[in-house]
Amino acid sequence: MKKYLIVNGDDFGAGSGVNRGILEAHRRGSLTSTSLIVNMPWSEEAALLSRAVPDLSVGLHLNIANERREPVAGPTDDGSCREELHRQLFRFQELMGRPPTHLDSHHNAHRDPGLLPLFLDLARQYGLPLREYSPVRYFSKFYGRWGGKTHLEQIGVESLVRMLETEIQEGVTEVSCHPGYVSPDFPSGYSTERETELRTLCDPFIRQVLKEQSIQLVGFRDLGNLVTDRVMWRT
């Protein structure tokens, strides 16, 4: 069985610097997929930019919040949350002109036991893979902030190479990432880390290691052709 790798950039649409970084990581680096936030000021720009890169898989980064910047709270009852999830999916289709290739959520809100059934219902209804609930194995360790402190060594080239050599198994694996440029339109506690991720993903040595490890880069749009079980979600 072969090793397939999806490199997914979260937060597409969060800011102009993030949008620019994600496209650069796709064009010059190993990023194959991204997840679009549809309720941020830069969402429309992201959707427009994505038209220039048709090979980029674009999914929906569900943002359950009532804040336009860093979300801190969301709908408080099942009915309003379910309505908001569907509203964001419809908004995605308005912006992109097609359904998303996959689903995930900002700050992994779908892990909340009270919200998870609503996310799973949405995934089932539209036949979409939901992060951690599909045939795709999710790998989250490519992240540069732990315990409230920055750890750039975790997202450097050496660290990613080690992950590729030891953590990527047979089948399909998703590595999440957050590349981007620092920009004033998206103040975030994860800023310098984004630029480090971008440099790492664009380093030519990463492509060399992928080849040496016989890891094939794919996007979520390819998932249906890679798995025998066409069910895109699991409980």
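These are my notes on the overall form of the chain and on one helix pair.

I worked from a predicted model, in which local features need pLDDT of at least 70, side-chain atom pairs count only at pLDDT 80 or more, and totals for chains, interfaces and linings use all residues. Residues are numbered from 1 along each chain as its sequence is written, and side-chain values use heavy atoms, with hydrogens and water left out.

Whole chain. I looked up the secondary structure and found seven helices and nine strands (DSSP runs numbered from the N terminus, H or I of at least four residues for helices, E of at least two for strands). The C-alpha trace spans about 50 × 45 × 35 Å along its principal axes. I noted a radius of gyration of 17 Å, which agrees with the value near 18 Å for a compact globule of 235 residues (taken over C-alpha atoms; the rule is 2.2 Å times the number of residues to the power 0.38). Buried residues (under 20% relative accessible area, 1.4 Å probe, protein chains only) make up 53% of the 235.

Helix pair. I then took α3 (residues 78-96) and α4 (residues 116-126), whose axes come within 10 Å and cross at roughly 40 degrees (lines fitted to C-alpha atoms over the stretch in contact, angles from 0 to 180 degrees between N-to-C directions). I therefore entered α3 and α4 as oblique to each other (not under 35, over 145 or 65 to 115 degrees). Among the residues in contact (heavy atoms within 4.5 Å) are Leu-85 and Phe-90 of α3 and Leu-122 and Tyr-126 of α4.

How values were computed. Buried means under 20% relative accessible area, exposed over 50%, partly exposed in between (1.4 Å probe, protein chains only).
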